[in-house]
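Student: I should like to examine how the descriptive terms applied to this structure are justified. Could we proceed term by term?

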Amino acid sequence: MDCEATSDRLPWLLNGTLSEMEAENARAHLSLCPRCRREMEETRRAAAVFGAHVSTADLVDLAWDRPVAETALVHGHLESCRDCAQDLALARESRAREDAPDLPSRRGAALRFGRYLALPSSLAAGLLLGLWWGGDRAPAPAPTPDPRVPALVAEAARLREASERLQADLEEARAPHVNVPVAELLPANLARRSSDAPPVGEVLVPAGARVVTLLLGGDGVAPRPAALEIRNRQGDVVWSGSGLRAGALGAYTLTVPTALLTEGEYVLTLRPDGARARTYELRVRREGPGAGAPG
């Protein structure tokens, strides 16, 4: 599994809804890729920030117009969480009734207390505590601003942007890919023996294409599960993986992100289980502004 496929699956890996095989492949990639591990932490932190409900204490302070810590985070959560917004509305309604004239008797006090019993137990306890502080006592002094708040607000904004990017990437991944280049490759020994086949398989990547599909043909050997390694001209490993299975015609299929293949030449080594390795040569050319330095 490559970086793009792993990134698309991070939210589902966190909430445990991936299939066992997909989860295993994603974890295997994360163990080898520092960039995807950082993205995993960003996704985890975004879920923690935007998934937590507003505390009862903060709801009481908001209902009584008292300042709360991390104001931007609290209000941002209230805009997206109907449950917390409804709890705040109940708290404000109770405060409005409390501010209105009422019967100056024990009966009036009992009526007021009865209204709080109708609220959720945790919120009712917070509201009664707020009344105790706000009734016969002077208003609590405003807390000293926490110097960490601006940094937390900035971090929340960054996490929100990361979450929006993940959502945009997910929507793009669900859309069909157009103008996908396809390259059919033969093992290098067969390509060199053939008079009408070029010694190097070549693929032209159109501008804007996000993936390249490679068809790795066989040499008469029965198709078996295989591992594949891609190296650039300098001999550096660009990608390696296993679990490839041949299709009905005996060819192995691999779809590669174009970001992985810069312009240049590559050597692909296919190792079928229990059979000799096959080597394929590939030259990548890019069309228009996507052209880059040789790989």
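**Sheets, cores and a pocket**

Tutor: We may begin with an open sheet of 3 strands, ordered β1-β3-β6, in which the pairing is mixed. The model is a predicted one.

Student: What makes β1 and β6 edge strands?

Tutor: Each has a single partner strand, so one side of β1 and one side of β6 remain without a neighbour in the sheet. Neighbouring strands here are turned against each other by 20° on average, with direction ignored.

Student: How do you know that β1 and β3 pair?

Tutor: Pairing requires at least two bridges between the strands. β1 and β3 are joined by 4 bridges, therefore they count as paired, and they run parallel. Within this pair, Val 182 is placed opposite Thr 213 of β3. Val 182 also belongs, with Glu 184, to the uncovered face of β1, while Ala 183 and Leu 185 make up the covered face.

Student: Which strands form the open sheet of 5 strands, and in what order?

Tutor: The order is β2-β8-β7-β4-β5, again with mixed pairing. β2 and β5 are the edge strands, each pairing on one side only. From one strand to the next, the twist averages 25°.

Student: What makes β4 a partner of both β5 and β7?

Tutor: The threshold is at least two bridges. β4 has 5 bridges to β5 and 7 bridges to β7, therefore both pairs satisfy the threshold. β4 runs antiparallel to β5 and antiparallel to β7. Opposite Leu 228 stands Gly 241 in β5, and opposite Arg 231 stands Val 237 in β5. On the β7 side, Ala 226 faces Pro 272. The hairpin of β4 and β5 has 4 residues between the strands, and Gly 235 adopts a positive phi near 90° there.

Student: Why is β4 called mostly covered?

Tutor: A residue is buried when its relative accessible area is under 20%. In β4, 5 of the 7 residues are buried, and the strand is described as mostly covered.

Student: How do you know that Val 178 is exposed?

Tutor: The exposed class begins over 50% relative accessible area. Val 178 has 62% relative accessibility, so it counts as exposed. Val 178 lies in the loop between α9 and β1. Its C-alpha atom is separated by 7.3 Å from that of Ala 209, 31 residues away along the chain.

Student: Which residues touch the most other members of the largest nonpolar core?

Tutor: Among its 23 residues, these are Leu 214, Leu 216, Leu 228, Leu 268, Leu 270 and Leu 282. At least two residues of this core come from each of β1, β2, β3, β4, β5, β6, β7 and β8. Another core, apart from this one, has 11 residues, including Leu 59, Ala 63, Leu 78 and Leu 88.

Student: Which residues of helix α4 are buried?

Tutor: They are Asp 58, Leu 59, Val 60, Leu 62 and Ala 63. Asp 58 is charged and is not among the residue types admitted to a nonpolar core, so its burial does not make it a core member. After α4 comes Asp 65, which has a positive phi near 55°.

Student: What lines the largest pocket, and how much space lies in it?

Tutor: The space is about 1600 Å³. Its lining comprises 48 residues, with Met 1, Asp 2, Cys 3, Ala 5 and Trp 239 lying nearest the centre. α1, α2, α3, α9, β5 and β6 each contribute at least two lining residues.

Student: How many residues of each class does this lining have?

Tutor: The lining has 21 nonpolar, 13 polar and 14 charged residues. Asp belongs to the charged class and Trp to the nonpolar class, so Asp 2 counts as charged and Trp 239 as nonpolar.

Definitions and conventions:
Residues are numbered from 1 along each chain as its sequence is written. This is a predicted model: local features need pLDDT of at least 70, side-chain atom pairs count only at pLDDT 80 or more; totals for chains, interfaces and linings use all residues. Side-chain values use heavy atoms; hydrogens and water are left out. A nonpolar core is a set of buried Ala, Val, Leu, Ile, Met, Phe, Trp, Tyr and Cys residues joined through side-chain atoms within 4.5 Å. Buried means under 20% relative accessible area, exposed over 50%, partly exposed in between (1.4 Å probe, protein chains only). On a 1 Å grid over the protein atoms alone, a cavity is a set of points where a 1.4 Å probe fits but cannot get out, and a pocket is an open set with protein on both sides within 12 Å along at least five of seven lines; lining residues have an atom within 4 Å of a point. Grid points are joined across faces, edges and corners, and a volume is the space filled by probe spheres set on the points. Axes are lines fitted to C-alpha atoms, for helices over the stretch in contact, and angles run from 0 to 180 degrees between N-to-C directions.
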